[in-house]
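Work through the exercises below with the structure open beside you. Try each task before you read its solution.

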Amino acid sequence: MIEVKLDEMMKKRNISNVELSGWSGVRPNTISDMRKGSAKAIRLETLDAICNALNCQVAEIMEFKKISQKVK
């Protein structure tokens, strides 16, 4: 499972959706969906723009968490 940690990063840096949108060119609604974890898909172009605006790596705003599966 991929967990989006954009909300944490933005809170630490005290950045609003509107500010990040202005810096990155990504729509505020898209940023909001990512922060809430309700985005179904995220384009690489969007990740690139956000990481460029925040001067960060993808791993700083997204994390893979392995889901353990029960063996029958």
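**Exercise 1. Charges and overall layout**

Task: Find how far apart the mean positions of the positive and negative charges are. Then describe the chain as a whole.

Solution:
Step 1. Keep in mind that this is a predicted model.
Step 2. Take the charges. The chain has 13 positive and 9 negative charges, and their mean positions are 8 Å apart.
Step 3. Take the secondary structure. The chain holds 5 helices and 2 strands. Read from the N terminus, the order is β-α-α-α-α-α-β.
Step 4. Take the extent. Along the principal axes, the C-alpha atoms fill a box of roughly 50 × 20 × 20 Å.
Step 5. Take the surface. About 5,500 Å² is accessible, and carbon and sulfur atoms account for 49% of this. Of the 72 residues, 29% count as buried.
Step 6. Take the contacts. Among those with a separation of 6 or more, 58% join residues 24 or more positions apart.

**Exercise 2. Ser-21 and Gly-22 in one helix**

Task: Decide for Ser-21 whether the residue is buried or exposed. Do the same for Gly-22.

Solution:
Step 1. Place the residues. Ser-21 belongs to helix H2, which covers residues 17-24. Gly-22 is in helix H2 as well.
Step 2. Apply the cut-offs. Buried means under 20% relative accessible area, and exposed means over 50%.
Step 3. Judge Ser-21. Its relative accessible area is 13%, so Ser-21 is buried.
Step 4. Judge Gly-22. Its relative accessible area is 63%, so Gly-22 is exposed.
Step 5. Look around Ser-21. Apart from neighbours within four places in sequence, its contacts are Val-26, Arg-27, Pro-28 and Ile-31. A polar atom of the Ser-21 side chain lies 2.6 Å from the backbone oxygen of Val-26.
Step 6. Look out from Gly-22. Glu-3 is 19 residues away in sequence, and the two C-alpha atoms are 24 Å apart.

**Exercise 3. Helix H4 and its cover**

Task: Which residues of helix H4 are buried? What covers them?

Solution:
Step 1. Find helix H4 at residues 44-54.
Step 2. List its buried residues: Thr-46, Leu-47, Ala-49, Ile-50, Cys-51 and Leu-54.
Step 3. Name the cover. It includes helix H1 (6-13), H2, helix H3 (28-36), helix H5 (58-61) and strand S2 (62-64).
Step 4. Check one case. Thr-46 is in helix H4. Its relative accessibility is 14%, so Thr-46 counts as buried.
Step 5. Find its partners. Beyond four places in sequence, Thr-46 contacts Val-26, Thr-30 and Met-34.

**Exercise 4. The largest nonpolar core**

Task: How many residues does the largest nonpolar core have? Which element gives the most to this core?

Solution:
Step 1. Start from a general rule. In soluble globular proteins, nonpolar side chains tend to be buried together.
Step 2. Count. The largest nonpolar core has 16 residues. Those with the most contacts inside it are Leu-6, Leu-20, Ile-50, Leu-54 and Ile-61.
Step 3. Sort by element. H1, H3 and H4 each give two or more residues to this core. H4 gives the most, with 5 residues.
Step 4. Follow Leu-6. Beyond four places in sequence, Leu-6 contacts Leu-20, Ile-31, Met-34, Arg-35, Ile-50, Leu-54 and Ile-61.

**Exercise 5. Two asparagines with positive phi**

Task: Where does Asn-14 lie? What is the place of Asn-55?

Solution:
Step 1. Place Asn-14 in the loop between H1 and H2. Its phi is positive, about 55 degrees, although Asn-14 is not a glycine.
Step 2. Place Asn-55 in the loop between H4 and H5. Asn-55 follows H4, and its phi is positive, near 50 degrees.
Step 3. Check exposure. Asn-14 has 68% relative accessibility, so this residue counts as exposed. Asn-55 also has 68%, so Asn-55 counts as exposed.

**Exercise 6. Asp-33**

Task: Which residues does Asp-33 touch, not counting those up to four places away in sequence?

Solution:
Step 1. Place Asp-33 in helix H3.
Step 2. Judge exposure. Asp-33 has a relative accessible area of 31%, so the residue is partly exposed.
Step 3. Name the partners: Ser-38 and Ala-39.
Step 4. Add a distance. Gly-22 is 11 residues from Asp-33 in sequence, and their C-alpha atoms are 16 Å apart.

Note on methods
Residues are numbered from 1 along each chain as its sequence is written. This is a predicted model: local features need pLDDT of at least 70, side-chain atom pairs count only at pLDDT 80 or more; totals for chains, interfaces and linings use all residues. Side-chain values use heavy atoms; hydrogens and water are left out. Helices (H or I, at least four residues) and strands (E, at least two) are DSSP runs, numbered from the N terminus. Buried means under 20% relative accessible area, exposed over 50%, partly exposed in between (1.4 Å probe, protein chains only). Contact means heavy atoms within 4.5 Å. Accessible areas come from the Shrake-Rupley method with a 1.4 Å probe; for residues, only the protein chains shown count as cover. Lys and Arg count as positive and Asp and Glu as negative; His and the chain ends are not counted. The place of a charge is taken as NZ of Lys, CZ of Arg, CG of Asp or CD of Glu. A polar contact is a pair of N or O atoms within 3.5 Å; within protein, one must be able to donate a hydrogen and the other to accept it, and residues adjacent in sequence count only if both atoms are side-chain atoms. A nonpolar core is a set of buried Ala, Val, Leu, Ile, Met, Phe, Trp, Tyr and Cys residues joined through side-chain atoms within 4.5 Å.
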